[in-house]
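Below are my notes on the enclosed space and one of the pockets in this model. Please read them alongside the coordinates.

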Amino acid sequence: MSDHTAATAAPALAAAAGWVDVETDDTDMPVLEESTDTVRPDIREGEGEGAAAEAASAGLAKLELNKKPDVFHLHLGHQETDRILDEIDGYCETVLESAGDNAWMPADGLAKLMLKELGYEDMDQFEGAMGGTFEQFIKALPHIETKIQDDGSSCDGMLVLKMTPPPAVKQGFTMTIPIKTSEDLWVTLYKAPDCVISIPEIDFEIGHSAKRELDAIYNHITKAMFNLSQHASQNFVQGDTKDKILDTVEHLSRFLDIDHPWQLVLRDPSGRSILKPMGDNVSLVYDDLPNAAGQA
């Protein structure tokens, strides 16, 4: 089946479509080898200030190419970003249900529509709420797919997006995520409602939730710490129970400081949780399908 665009699935988005050119993070950028020469070999004494200026400019250009772009980190979990995320999910789910798995929406069109629907004054205010550009925001979402449209349609050459459809066959899995550096804590985790997050080292769990929860691993843990601290502050929580809760909070704080390598484990019976990016050191073990036991 060929890809559909919002011109078919969502006319309002197609009408508002446009291309936004935003520099993105490229962690695979090759590192250029820096020259130890302060002046190009072909510049000789007496060739003038113009040649020296040209060499200096070339050196600066090389340094700029070597400079690694800032990495965008999602900062979810507060009212504004939750509202933006819910709006994105709502539009994507509508298109997924009405136009199917291969329906893509123009990102710029969706951004302009949301800017109006959510009541922001301008794009600067909208991006301030997201902590970055709309392109950076959607590309950091684990359950959203993006690409440059190349089908010759009215959206050709534009950045388009769609929600990752649910698995055709429900298959649970256990995912083990090694945490060794602070960057490991800023990986984005889309936690399905029935997924359980655990840290086996201290028998700690974040259980089921009423709806999906999307945030960096760091923020998933800090929210759990906050909830535990709030619970411990209640008058009816006393004695050993309170001490154990506060001890758990202290342990979690040390884990966030990476005082030693540790593991985060996801147990997801629905198979809908997503980690982005998913490193090569992450272990993913799928459950047997329900009918697998009866097969030879």
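1. In this predicted model, three elements each give at least two residues to the lining of the second largest pocket: the strands β7 (204–206) and β8 (213–216), and the helix α9 (217–232). The largest share is that of α9, with five residues.

2. The space in the second largest pocket comes to about 370 Å³. Its lining has 20 residues, and the closest to the pocket centre are S209, E213, H220, K223 and N227. For anyone setting up a calculation there, the class split of this lining is seven nonpolar, six polar and seven charged residues.

3. Turning to enclosed space, how many cavities of 30 Å³ or more does the structure hold? The count is one. The volume of the largest cavity is about 30 Å³.

4. Around the largest cavity, the lining consists of C92, V95, L96, G100, D101, A103, M105, K162 and M163. Two elements, α4 (79–99) and β3 (159–163), give two or more residues to this lining. Helix α4 has the largest share, three residues.

5. By class, six residues of the lining of the largest cavity are nonpolar, one is polar and two are charged. Gly counts as polar under the scheme used, so the polar entry is G100. The charged entries are D101 and K162.

6. To recap the two sites, α9 provides the largest share of the lining of the second largest pocket, and α4 provides the largest share of the lining of the largest cavity.

How values were computed: Residues are numbered from 1 along each chain as its sequence is written. This is a predicted model: local features need pLDDT of at least 70, side-chain atom pairs count only at pLDDT 80 or more; totals for chains, interfaces and linings use all residues. Side-chain values use heavy atoms; hydrogens and water are left out. On a 1 Å grid over the protein atoms alone, a cavity is a set of points where a 1.4 Å probe fits but cannot get out, and a pocket is an open set with protein on both sides within 12 Å along at least five of seven lines; lining residues have an atom within 4 Å of a point. Grid points are joined across faces, edges and corners, and a volume is the space filled by probe spheres set on the points. Helices (H or I, at least four residues) and strands (E, at least two) are DSSP runs, numbered from the N terminus.
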